[in-house]
Amino acid sequence: MPININNAGLKNTTIDTKTNRQVDGGNNSGNSPAPAKSGGDSVSLTSEAQQLNDLQEKAMNSSGIDQAKVDRIKAQIENGSYKVDVDRLASKLAQFEGDLFGSQIDGDE
């Protein structure tokens, strides 16, 4: 679907009157707008937006894997020193199922 940049025939009186004043030479009792700046459009970002952009770029460039932790656990498994905390594992599984199915599972029941 093509986009009509000419507002599809809609009339904007604010723009039209400013344009007419500039075309008339600006002799409308000193109320003519300032001449347009040559240059270009500019955008300035707040510091929060810049931080968000930096974090987003950092997240896109990261793998999301803590390689040092993976290597540490792998070494513990290989040498037989890796221990599983079964109580913590069970608690996390119950919490996950509660989040997944929309109900909280208590250990008291």
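## Helix H4 and its end

Gly-102, directly following H4, has a positive phi of about 80°. Helix H4 covers residues 86-101, and its 16 residues reach 22 Å from the first C-alpha to the last, close to the 22 Å expected at 1.5 Å a residue. The expected span is 1.5 Å times one less than the number of residues in the helix. Helices are DSSP runs of H or I with at least four residues, strands are runs of E with at least two, and both are numbered from the N terminus.

## Basis of the model

The model is predicted; local features need pLDDT of at least 70, side-chain atom pairs count only at pLDDT 80 or more, and totals for chains, interfaces and linings use all residues. Residues are numbered from 1 along each chain as its sequence is written, and side-chain values use heavy atoms, with hydrogens and water left out.

## Helices H2 and H3

The protein has four helices and zero strands, in the order α-α-α-α along the sequence. Helix H2 (residues 47-61) has 15 residues and reaches 21 Å between its first and last C-alpha, close to the 21 Å expected at 1.5 Å a residue.

Helix H3 (residues 67-79) has 13 residues, which should span 18 Å at 1.5 Å a residue; its end C-alpha atoms are 18 Å apart, in agreement. After H3 comes Gly-80, with a positive phi near 85°.

## Burial and surface

Of the 109 residues of the protein, 2% count as buried (under 20% relative accessible area, with a 1.4 Å probe and protein chains only). H2 is hardly covered, with zero buried residues among its 15.

The exposed area of the protein is about 10,500 Å², of which carbon and sulfur atoms supply 52%; accessible areas come from the Shrake-Rupley method with a 1.4 Å probe.

## Largest pocket

The largest pocket has a volume of about 150 Å³. A pocket is an open set of points on a 1 Å grid over the protein atoms alone, where a 1.4 Å probe fits, with protein on both sides within 12 Å along at least five of seven lines; lining residues have an atom within 4 Å of a point. The volume is the space filled by probe spheres set on the points, which are joined across faces, edges and corners.

The lining consists of Tyr-82, Lys-83, Val-84, Asp-85, Arg-88, Leu-89 and Lys-92. Three lining residues are nonpolar, none polar and four charged.

Key: Nonpolar A, V, L, I, M, F, W, Y, C, P; charged D, E, K, R; others polar. Buried < 20%, exposed > 50% of the residue type's maximum accessible area, 1.4 Å probe, protein only.
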